[in-house]
Structures are given as C-alpha cells and as structure tokens.
Amino acid sequence: RLRGQIALVGSLAGLRGMPGSPAYSASKAAVRAWGQAMAIRLKAERIGVAVVLPGFVDTPMTRRNPFRMPLLMTPEHAARIIRRRLARGETRIAFPWPLVFGAWLVSVLPGFLADRILAHAPVKSDV
C-alpha cells in the first residue's frame, strides 16, 4: 500500500525532440526521465511516482499555437483521465492513445526516417 503519490506532468513532446519546439521537448523529456528514475528510488519508501504525458490540452499556452492540434481536449477531460489512472496506480499516464502511438512510433524509428517525418511538423512562433 502506498504512503503517498507524486504526479509529474510532462508531455508527449518529451518522447522525441520536436523541431518546432526544441526547448519544450527537452524540458518535457527531462521531466519524464527524472520521474522514471525517482519512481524506482521512492518505491522502497512506498511513494508512487507517475509521469503524466498528455497530448494537446486546451490551455492559454496551447491557444497560442498557430497550428491545428489533433485530439485537443478540455482541461476537465484531461484531469478525469489523470485522476482515474492515478487511482489505479499507473506510473505512466499517456493519452490520447492515437497521439501516444504516433509519438512512440516516431521515437523508435531510425533517425533518418523520423527526421524526414518531423521535418514537416509545425513550428511554434516563439522558438
């Protein structure tokens, strides 16, 4: 039984560096890696660590994006998903599944192929 639980919010963008938002991708990759490492360190203390990797959530930050955001969800919908999966004790909470699959696929493709695909990704205006 857990004594406590920590949820760290990253992003699917942390699974593979996105050329349109390199600093954002790097910071989210750091959250993911740190959370995974801390989950192992804190397990003996019975403290659960979950890394949350959402797709696009409608927030003031995403509203500034000058591109279409597939499967954009409300913060309330994202919160319901996170809350439900935290209650189940999941350590990696990534959603929605079509974007999770796409991000995973690009992250495991050979570099030359992933680079070719991502060369067409949208660029944020404040990069």
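Let me start with phenylalanine 56, which is partly exposed in this predicted model, its relative accessible area being 24%. Its partner is phenylalanine 67, and here the class changes, because phenylalanine 67 has 19% relative accessibility and therefore counts as buried, the cut-off for that class being under 20%.

These two rings belong to one of the two aromatic pairs that a search of the whole structure finds. Phenylalanine 56 and phenylalanine 67 meet edge-to-face, with 6.4 Å from centre to centre and 65 degrees between the planes. As for where they sit, phenylalanine 56 is in the loop between β2 and α2, while phenylalanine 67 is in the loop between α2 and α3, which spans 75-87, so the pair ties together parts that are eleven residues apart in sequence.

The other pair is made by phenylalanine 101 and tryptophan 104, whose rings are tilted, at 5.9 Å centre to centre and with 35 degrees between the planes. These residues both lie in helix α4, and because they are three residues apart there, about one helical turn separates them. Phenylalanine 101 counts as partly exposed at 46% relative accessibility, and tryptophan 104 is likewise partly exposed, with a relative accessible area of 43%.

Let me turn now to the pockets. The largest pocket has a volume of about 860 Å³, and of the 34 residues that line it, those closest to its centre are Leu12, Ala13, Met18, Phe56 and Phe67, so that we come back to the edge-to-face pair formed by phenylalanine 56 and phenylalanine 67. Which helix gives the largest share of this lining? That is α4, with five residues, and α1 (22-43), α2 (60-63), α4 (97-108) and α5 (111-118) each supply at least two. By class, the lining of the largest pocket divides into 20 nonpolar, ten polar and four charged residues.

The second largest pocket holds about 190 Å³ of space. It is lined by 14 residues, and the ones nearest its centre are Leu2, Ile47, Gly48, Val49 and Thr91. Here β2 provides the largest share of the lining, namely four residues, and both α1 and β2, the latter running over 47-54, supply at least two residues each. The classes in this lining are six nonpolar, four polar and four charged residues.

Key: Residues numbered from 1 in each chain as written. Predicted model: local features only at pLDDT ≥ 70, side-chain atom pairs only at ≥ 80, totals over all residues. Heavy atoms only, no water. 1 Å grid on protein atoms, 1.4 Å probe; cavity = no way out; pocket = protein on both sides within 12 Å on 5 of 7 lines; lining within 4 Å. Points joined across faces, edges and corners; volume = space filled by probe spheres on them. Nonpolar A, V, L, I, M, F, W, Y, C, P; charged D, E, K, R; others polar. Phe/Tyr/Trp six-rings, centres within 6.5 Å; stacked < 30°, edge-to-face > 60°. Buried < 20%, exposed > 50% of the residue type's maximum accessible area, 1.4 Å probe, protein only.
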